[in-house]
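Here is a quick tour of this protein for anyone who wants to find their way around it. Keep the structure open and follow along.

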Amino acid sequence: MHTLSLDGPSTVVPLALLADLKAELGITDGTTDTMLAGKLMDASSMVLDYIGSPLLSGEWTEEFVIEGGDLLKEIVLSVRPLVSISSISRNGQAWTSDQLEDLVLDKRAGILSHPTPTRRRWQHGVYNAVYTAGYAPPQVAQDGTVTKGTLPQTISRATVLAAAAMVQGAGRDPNLKSESVQGVGSTSWNIASGTGGLPQQVADMLASYRGAHL
């Protein structure tokens, strides 16, 4: 199976709560909230870019082709966890509601299978699937209610650490790790390669998610 295209949410949203960033920095007032929210958004973008796989919840449209020799019993969608499937078409012919209901779904893994008793394989052709999938990050409603969301906690925590590093490193060389006092000792530098500008600690936390389908 080859995915031809994948279209879905393009708007970046914070992957962590502003309150968690403020707690990390020990900030208790609201005078810097606007600045901190901007840093949190920047960090979220960097984390998403570093992971490199779509993961935010929303409606996705995926077009893929199954060739004659593929002999597939299962289709693995590009975004997961799967919530629901709105439609599937093959070579421009929409599936019926009965065909959709007959599918066996592994929502966590995003796997679509034909009913086991039939042992049918997916026919070759060009498919178009519209489905809802992905993780919801934590958020605060207008009434102040906090929703934890479904995003892995490690990703949210990594985002907080990345944003905190931006705030704490403002005005400093981003590669500067520590400085000596009055010339005593030596200056050390934290130069990380291939982290997309993220601190090495954050990159290490996200390593298991990078380039993988969650």
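## The sheets

Let's start with the five-stranded open sheet, where the strands come in the order 1-2-8-4-5 and pair antiparallel. At its edges sit strand 1 (2–7) and strand 5 (93–94), each of them pairing on one side only. Further in, strand 2 (residues 58–66) runs antiparallel to strand 8 (residues 125–133), and nine bridges join the two. If you want a landmark there, look for Trp60, whose bridge partner in strand 8 is Tyr131. Bear in mind as you click around that this is a predicted model.

There is also an open sheet of three strands, again with antiparallel pairing, in the order 3-7-6. Why is one side of strand 3 and of strand 6 left without a neighbour in the sheet? Strand 3 (74–76) and strand 6 (104–106) are at the edges and have a single partner strand each, so one side of each stays free of a neighbour in the sheet. From one strand to the next, the twist averages 20°. Strand 6 and strand 7 (residues 111–113) are joined in the antiparallel sense by three bridges. Within that pairing, Val104 has Ser113 in strand 7 as its bridge partner.

## Two helices that cross

Now for helix 1 (residues 18–25) and helix 4 (residues 153–168). Their axes are 9 Å apart, and the two pack at an angle of about 55°. An angle between 35 and 65 degrees falls outside the roughly parallel and roughly perpendicular ranges, and helix 1 and helix 4 are therefore oblique to each other. The crossing of helix 1 past helix 4 is right-handed.

Which residues meet there? From helix 1 come Asp20, Leu21, Glu24 and Leu25, and across from them in helix 4 are Arg157, Val160, Leu161, Ala163, Ala164, Val167 and Gln168. Sorted by class, this contact of helix 1 with helix 4 has seven nonpolar, one polar and three charged residues.

## Two residues worth a click

Met205 is found in helix 5 (residues 200–206). Is Pro152 in a helix or in a loop? Pro152 lies in the loop between strand 10 (146–147) and helix 4.

Here are the C-alpha to C-alpha distances for a pair involving each of them.

| Pair | Apart in sequence | C-alpha to C-alpha distance |
|---|---|---|
| Met205 and Ala158 | 47 residues | 6.5 Å |
| Pro152 and Ala136 | 16 residues | 9.4 Å |

How accessible are these two? Met205 counts as partly exposed because its relative accessibility is 23%, and the buried class stops at 20%. Pro152, with a relative accessible area of 17%, is under that cut-off and so is buried.

As for contacts, neighbours within four places in sequence are left aside here. Met205 then touches Thr154, Arg157, Ala158 and Leu161. Of these, Arg157 and Leu161 also turn up among the helix 4 residues that meet helix 1. Pro152, on the same terms, is in contact with Tyr135 and Tyr209.

## The whole chain

Stepping back, the secondary structure of the protein adds up to five helices and twelve strands. Of the 214 residues in the protein, 32% are buried. How much of the contact pattern joins residues at least 24 apart? Among contacts between residues at least 6 apart in sequence, the share is 75%.

Note on methods:
Residues numbered from 1 in each chain as written. Predicted model: local features only at pLDDT ≥ 70, side-chain atom pairs only at ≥ 80, totals over all residues. Heavy atoms only, no water. Pairing = 2+ DSSP bridges. Axes fitted to C-alpha atoms, helices over the stretch in contact; angles between N-to-C directions. Buried < 20%, exposed > 50% of the residue type's maximum accessible area, 1.4 Å probe, protein only. Contact = heavy atoms within 4.5 Å. Parallel < 35°, antiparallel > 145°, perpendicular 65-115°, else oblique. Left-handed = near helix turned anticlockwise from the far one by under 90°. Nonpolar A, V, L, I, M, F, W, Y, C, P; charged D, E, K, R; others polar.
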